[in-house]
Amino acid sequence: MKIAVHAVGRMKAGPEKELVERYFDRFGKSGPAIGLEFVGVVEAPESRAQSAVERKREEAQKLQAQLGAGAALILLDERGKNISSQDFANRLAALRDGGQRNLVVAIGGPDGHDPSLRESAALTLSFGALTWPHQIVRIMLAEQLYRAATILSGHPYHRA
């Protein structure tokens, strides 16, 4: 299953970018052996529309254009489910084993995601009730994708 990350906003140079690249690199190297292929990050510019509703709608249209037919969607959203790393790994495996060929994991902009995306998502996921900066969310997602690959391959990185 090919996995892409869609992120509204750009990751600027610095230690956060280095850390996210390190985890995406680890995931990219460990995923193929278990059928998870990391195909990269697509950065979409933040909408400049006047209202939050319009901004979310424009950002959703860009994401839907990337999805293509048949791609599954996982949204990172504060209203999502707070699940364990093991459960996240199991859900990725279930999508893969169910024949899903493409998955997009989406990080929204400052206004969040359009409701239409939440309705069509295979999973809406939260990294807790706290609000996180975009850069840190990207790091946490990269690490959790790598962790999921290690869980599914039986690697000792995850010690829960």
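Tyr23 and Tyr146 are both buried. The model that shows this is a predicted one. These two residues make a convenient entry point, since they lead from the aromatic rings to the core and then to the open spaces.

The rings of Tyr23 and Tyr146 form a tilted aromatic pair, with 6.3 Å from centre to centre and 40° between the planes. The pair joins distant parts of the chain: Tyr23 belongs to helix H1 and Tyr146 to helix H5, and 123 residues separate them. Tyr157 joins Tyr23 and Tyr146 in one aromatic cluster. In total, the structure has four aromatic pairs.

A second pair to look at is that of Phe24 and Phe38. Their ring centres lie 4.6 Å apart and their planes meet at 15°; planes under 30 degrees apart count as stacked, so this pair is stacked. It too links distant parts of the chain, with Phe24 in helix H1 and Phe38 in strand E2, which covers residues 37–44, at a separation of 14 residues. Phe24 has a relative accessible area of 8%, and because buried means under 20%, Phe24 counts as buried.

From the rings, turn to the nonpolar interior. In soluble globular proteins, nonpolar side chains tend to be buried together. Here the largest nonpolar core holds 31 residues, and Ile74, Leu103 and Leu145 touch the most other members. Several elements each give two or more residues to this core: the strands E1 (2–8), E3 (72–81), E4 (102–107) and E5 (123–125), together with the helices H1 (15–30), H3 (85–97) and H5 (134–153). The greatest contribution is that of H5, with nine residues.

What does Ile74 touch, leaving out residues up to four places away in sequence? Its contacts are Phe88, Leu92, Leu95, Leu103, Val104, Val105, Ala106, Leu123 and Leu125. Another core, of ten residues, lies apart from the largest one; its members include Leu63, Leu67, Val104 and Ala121.

The open spaces come next. The largest pocket has a volume of about 490 Å³. Its lining is made up of 24 residues, and those nearest the centre are Leu76, Glu78, Gly109, Trp132 and Val137. Two elements, E3 and H5, give two or more residues to this lining. The largest share comes from E3, which supplies four residues. Sorted by class, the lining of the pocket has ten nonpolar, nine polar and five charged residues.

There is also an enclosed space. How many cavities of 30 Å³ or more are there? The count comes to one. The largest cavity contains about 60 Å³ of space. Around it stand His6, Val8, Lys56, Glu59, Ala60, Leu63, Gly108, Gly109, Gly112, His113, Asp114 and Leu117. E1 and helix H2, which spans residues 52–67, each supply at least two of these lining residues. H2 has the largest share, at four residues. By class, the cavity lining comprises four nonpolar, five polar and three charged residues.

Some residues tie these parts together. Gly109 is among the residues nearest the centre of the largest pocket, and Gly109 also lines the largest cavity. Leu63 belongs to the core of ten residues and is likewise part of the cavity lining. Helix H5, where Tyr146 sits, gives nine residues to the largest core and two or more to the lining of the largest pocket.

Conventions. Residues are numbered from 1 along each chain as its sequence is written. This is a predicted model: local features need pLDDT of at least 70, side-chain atom pairs count only at pLDDT 80 or more; totals for chains, interfaces and linings use all residues. Side-chain values use heavy atoms; hydrogens and water are left out. A nonpolar core is a set of buried Ala, Val, Leu, Ile, Met, Phe, Trp, Tyr and Cys residues joined through side-chain atoms within 4.5 Å. Buried means under 20% relative accessible area, exposed over 50%, partly exposed in between (1.4 Å probe, protein chains only). Contact means heavy atoms within 4.5 Å. On a 1 Å grid over the protein atoms alone, a cavity is a set of points where a 1.4 Å probe fits but cannot get out, and a pocket is an open set with protein on both sides within 12 Å along at least five of seven lines; lining residues have an atom within 4 Å of a point. Grid points are joined across faces, edges and corners, and a volume is the space filled by probe spheres set on the points. Ala, Val, Leu, Ile, Met, Phe, Trp, Tyr, Cys and Pro count as nonpolar, Asp, Glu, Lys and Arg as charged, and the others, Gly among them, as polar. Rings of Phe, Tyr and Trp (its six-membered ring) pair if their centres lie within 6.5 Å; planes under 30 degrees apart count as stacked, over 60 as edge-to-face and the rest as tilted.
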